[in-house]
Amino acid sequence: MIIKLSPISPLSRDVMLQVTKSGDVLTINNAVFDFSKLGAGSTLPAEAIGCDAIQAPVYRDGEDLVVQLVLPCWPDSPASALFPVDIFHPVDGPLQLPGMEMLDQPAPATGIIDWSQEVTAEAKAEASAGQELTAAVAEAARRRAVADAAIAPLQDAVDLGDSSENEVALLTEWKRYRVALNRLADQQGYPASIDWPAPPA
């Protein structure tokens, strides 16, 4: 687990942050949040977690659970609280947070996590692939439009029997280029990796 601390000055000095760790379970200000269900590469938006101390997504980076907590601090807080460092792989038990005193707490209650908002690694990969496909289709359409514009006057000249040998050859090259654009989806690795054909010089 990696705990990141984000120092913020609340209006009241009564605001505290107390955290106890047990595996992937965090008890934050007396509310228990069990993140053990979060899969590798998955993310939970802050809105899915009923905790004021969590205002950033919680995610799994490899085997590490990464949680960013709001750390209350004030101008007279120690430097360790004003400029906190990340806590890597803390042992189970109460966390010693800079500027926060350990106080007796009542029995913890179960915190709220809306798991329906979890963004899995598979969903991220699917979204990324969809964006790559959309970008590839748009770029292919743009290049085809250039080819269409180049082909039209050359084809007119050929149809009218008023074309030179160079124009006939150039027309053939542009048509080959347009055919290659239409076959991009047949390439291995498409759309993540595309070997774009070069237009006629």
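Here is a short briefing on the fold, the cores, the surface and one proline of this protein. The model is a predicted one. Three helices and ten strands make up its secondary structure, and the radius of gyration of 29 Å is well over the 17 Å that the globule rule gives for 201 residues, so the protein is more spread out than a compact globule. Two nonpolar cores are worth a visit, one of 30 residues and another of nine.

**Overall layout**

- Reading from the N terminus, you will meet the elements in the order β-β-β-β-β-β-β-α-β-β-β-α-α.
- Along the principal axes, the C-alpha atoms fill a box of roughly 95 × 35 × 25 Å.
- If we take the contacts with a separation of 6 or more, 62% of them join residues 24 or more positions apart.

**The largest nonpolar core**

- With 30 residues, this is the largest nonpolar core of the protein, and I28 and F35 have the most contacts inside it.
- At least two residues of this core come from each of β1 (2-8), β3 (25-28), β4 (31-34) and β7 (64-72).
- The largest share belongs to β7, which supplies four residues.
- To see the surroundings of I28, look for L17, Q18, V19, F33, C51, A53, I54 and L69, which I28 touches when residues up to four places away in sequence are not counted.

**Another core, set apart**

- Apart from the largest core lies another one, made of nine residues.
- Among its members are A140, I151, Y177 and L181.
- As general background, nonpolar side chains tend to be buried together in soluble globular proteins.

**Burial, surface and charge**

- Of the 201 residues in the protein, 32% are buried.
- The protein exposes about 11,900 Å², and 54% of that area is supplied by carbon and sulfur atoms.
- There are 13 positive and 28 negative side chains.
- The centres of these two sets of charges lie 7 Å apart.

**A look at P191**

- You can find P191 in the segment after α3 (165-182).
- Leaving aside residues up to four places away in sequence, P191 touches A129, E132, L133 and A136.
- From P191 to A46 the C-alpha to C-alpha distance is 32 Å, and the two residues are 145 residues apart in sequence.

Terms used: Residues numbered from 1 in each chain as written. Predicted model: local features only at pLDDT ≥ 70, side-chain atom pairs only at ≥ 80, totals over all residues. Heavy atoms only, no water. Core = buried A, V, L, I, M, F, W, Y, C linked by side-chain atoms within 4.5 Å. Buried < 20%, exposed > 50% of the residue type's maximum accessible area, 1.4 Å probe, protein only. Contact = heavy atoms within 4.5 Å. Rg over C-alpha atoms; globule rule 2.2 N^0.38 Å. Areas by Shrake-Rupley, 256 points an atom, 1.4 Å probe, with all protein chains shown as cover. Lys, Arg positive; Asp, Glu negative; His and termini not counted. Charge placed at Lys NZ, Arg CZ, Asp CG, Glu CD.
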